[in-house]
Amino acid sequence: MGNASIQPLKTVVPDPHESGDDPIALARRLQVPIWIFDIDNSSIAYANAPACHLWQAETEEELTSRVMASDMSATVAKRLKQYQADFIESDATFNEMWTLYPNGEPKSVMVVYSGFVLPDGRMAMQCEVLGGTEDEPENLRSAEALLHTDVMITLFSKKGPTLYLNPAARNALVMPMKSFSDIFAFPADYADLMIELSVTGEHRLVAEILTVSGKRWFDLSAKSCLDAATGEPAILVTAIDVSELKVARDKARYLADRDQLTGCYNRAYLQNHLSVLSLRDIADDAAIIFFDVDRFKTINDRHGHEAGDTVLTQIAARARAVLREEDVVSRLGGDEFVILLENLKHPDAIDAEVARIKDAITQPIFHDVTRIEVSVSMGVAVFNPGTTDFAEVMRQADIALYTSKQSGRDCWTLFNEAMGDAAQERAVIEDELITALENQEFILHYQPRRNLKTGQVVSVEGLVRWQHPQKGLIPPNTFIPICEETGMIEELGRLVLEMGVAQAIAWQDSGRDIDVSLNVSPRQFNDDQLLTTLLDLSQTPGFPSGKVELEITESVLIGDHEEIAEKLKTITKMGYRVAIDDFGTGYSNLSYISRFPLNCLKIDQSFVKQLPESGPIISLILTLTRQFGATAVAEGVETEEQLEWLTAHDCEQVQGYLFSPPVSIDEFDDVMDRLRNDGFQPQA
Ligand code: C2E
Ligand code: CA
Ligand code: CA
């Protein structure tokens with residue numbers, strides 16, 4: 001056993017009189033228990049007689065042959081490894097209260113340990129027991145700390161019963177307590193914790209605990225250990241009350257995720273939720289329903305903003321009420337909402353589901369005593385498990401919503417690929433329109449309007465066309481609606497007015513006496529810029545006052561009549577005439593129409609097309625027009641029969657393919673020449 005490299009013990013110096021073969025020869029003669037613990041092998045290498053006695057071993061041989069690893073918890077084993085490292089690095093000494101389990105029986109002793117180099121050079125641990133442990137200052141202090149801390153420190157037997165509760169725990173927990181599981185508000189938390197403990201020996205979680213002041217949130221830390229008194233498997237649990245912290249944090253999170261008005265989730269939450277969803281594997285189909293309230297602006301205008309808020313709040317509450325807990329209802333802003341249905345068990349039944357939701361949210365809403373009828377337009381996109389591109393799904397739902405609006409609102413549409421193509425095409429046009437406006441790729445074509453009494457062309461309607469550099473001439477129906485929706489109409493409308501007025505000035509300068517009629521879209525009419533533009537134009541040198549007519553639609557006349565009448569008066573004062581286009585197709589209030597300064601009613605083509613059946617309606621419009629001293633124009637006149645009927649009923653002016661389609665300015669003189677010599681017989 002002798003070895004030249006043996007280091008002297010720090011506390012136990014080898015006695016030169018004893019055999020040099022035994023490194024703890026001196027210790028063998030001491031009365032305190034001393035032993036050398038071989039950390040690597042979890043066994044005792046040497047022990048003196050008092051140590052053998054403490055460990056309840058008959059002989060030193062018996063003790064050194066014991067395998068200690070079996071009783072040792074993972075935590076203890078780890079700690080010992082750390083001590084070993086500390087001994088190697090620095091000449092450390094530690095004092096600790098240890099509970100030993102000689103033959104399974106617990107025995108608490110105060111141990112001093114330090115490094116000890118074994119004959120083979122490995123670092124072991126010398127353990128020396130100190131007497132009089134009870135009065136050690138460390139013990140006194142730790143006992144005091146345990147008594148006064150607010151942290152709950154508890155020891156439960158693994159079998160269930162409570163072994164120890166410090167005062168904080170005794171005060172907080174509901175007594176009598178039979179077992180550890182009793183403290184949990186949710187049995188699932190207990191189950192989780194026990195599973196984790198059995199796997200890793202320790203676990204930490206925030207859980208709701210039943211206390212004398214009700215359920216409270218605690219940060220729990222649990223460790224498997226052995227009961228120092230009996231050696232039985234036990235669980236040491238420390239717990240700190242984090243209720244205030246948790247409530248504050250939850251509230252902050254709740255507020256950050258919610259829309260203030262409706263309490264629905266907000267856009268940020270939805271986006272985040274969708275991205276989390278894309279990381280997770282979705283087992284079942286899911287659907288996104290995009291919807292908005294039809295004519296929400298009108299509700300606000302008619303009933304006030306508070307009523308508008310009530311509508312939004314009610315809709316949100318109803319949507320949540322008919323959906324499952326896990327479905328997400330979120331408000332993107334304004335009157336736009338998104339519903340996310342996860343785990344659709346029956347994707348085929350999506351129709352029924354959407355119908356059910358729509359029905360629930362569109363019941364009449366009461367704001368105070370006002371009953372408000374609401375309808376919504378919805379777009380639905382269903383997606384499969386494995387979808388990751390939620391921006392695309394949202395886009396699909398948006399396209400479907402757009403389609404619903406196109407088909408008259410108050411309905412819902414399920415997205416399909418063809419819809420996607422149409423939307424794609426539209427997006428391309430939208431893009432190109434921006435450039436087209438910059439490059440002024442627009443021109444006016446002119447269609448003559450003929451006076452039936454004199455046969456003369458008294459007026460022309462300017463109709464816009466888009467001269468697309470690649471696609472050629474594009475008719476207005478392709479791009480005017482897009483311009484209306486996107487707001488580009490305001491710019492395009494100004495361009496049209498500028499071109500039309502310039503042409504009117506040019507004709508006047510060349511001595512041609514002809515009026516020019518120009519279309520003003522509803523959005524353009526409601527734009528504040530319109531009056532400025534019109535004023536500017538009316539002040540250009542040579543502006544032919546009374547010869548430029550603006551065609552507005554009936555829809556423009558719905559709303560605040562006083563305000564509209566004022567606006568129209570201002571426009572007429574600037575020297576413009578005002579015509580109602582497509583008359584008879586809208587819902588303008590006939591009793592009000594006479595209060596507006598109107599110069600002309602253009603009878604919609606559809607009535608002319610249906611002649612003679614539509615005769616009575618046209619007669620009615622003609623009478624009305626005469627009554628307030630305006631000019632009646634029949635549009636879309638294509639046949640001699642239609643012309644005859646209109647002539648017979650004293651319609652003043654006509655416009656239509658029978659005389660000429662709209663033509664470019666280059667062709668215009670030829671058309672005028674032809675019409676002068678076409679043998680048209682003015683009425684006597
Ligand atoms: P609108 O104002 O009712 O214009 C009359 C439309 O009927 C023109 O179509 C014209 O070419 C067409 N039309 C004329 N006579 C006949 C006929 O005998 N039979 C038939 N079937 N059609 C006839 P266009 O030029 O394609 O314009 C379509 C619509 O686009 C216009 O309807 C108007 O609402 C809008 N639009 C055209 N130019 C402008 C513009 O500069 N600004 C605005 N805001 N809208 C415009
Ligand atoms: Ca028109
Ligand atoms: Ca028209």
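How are the donor residues of the calcium ion (ligand 3) spaced in sequence? Before I answer, please keep in mind that what we are looking at is a predicted model. The spacing is D-D-x52-E, so written for the donor residues of the calcium ion (ligand 3).

Let me put names to that pattern. Around the calcium ion (ligand 3) we find Asp-581 and Asp-582, each through OD, together with Glu-635, which is listed twice through OE, and the distances run from 2.2 to 2.9 Å. The two aspartates can be set side by side in terms of accessibility: Asp-581, with a relative accessibility of 8%, counts as buried because the cut-off for that class is under 20%, whereas Asp-582, at 27%, is partly exposed.

Asp-581 also takes us to the neighbouring site, since this residue coordinates both the calcium ion (ligand 3) and the calcium ion (ligand 2), and the two ions are 3.9 Å apart. For the calcium ion (ligand 2), the protein donors are Glu-461 through OE, Asn-519 through OD1, Glu-551 through OE and Asp-581 through OD, at 2.1 to 2.3 Å. Along the chain, these donor residues follow the spacing E-x57-N-x31-E-x29-D. Glu-461 belongs to strand E19, residues 457–468, and Asp-581 to strand E23, residues 576–583, so this pair ties together parts that lie 120 residues apart in sequence. Both Glu-461 and Asp-581 are buried.

To close, I would come back to Asp-581, the residue that bridges the calcium ion (ligand 2) and the calcium ion (ligand 3).

Conventions
Residues numbered from 1 in each chain as written. Chains lettered and ligands numbered in written order. Predicted model: local features only at pLDDT ≥ 70, side-chain atom pairs only at ≥ 80, totals over all residues. Heavy atoms only, no water. Donors = N, O, S within 2.8 Å, 3.2 Å for Na, K, Ca; no water. Buried < 20%, exposed > 50% of the residue type's maximum accessible area, 1.4 Å probe, protein only. Helix = DSSP H or I, 4+ residues; strand = E, 2+ residues; numbered from the N terminus.
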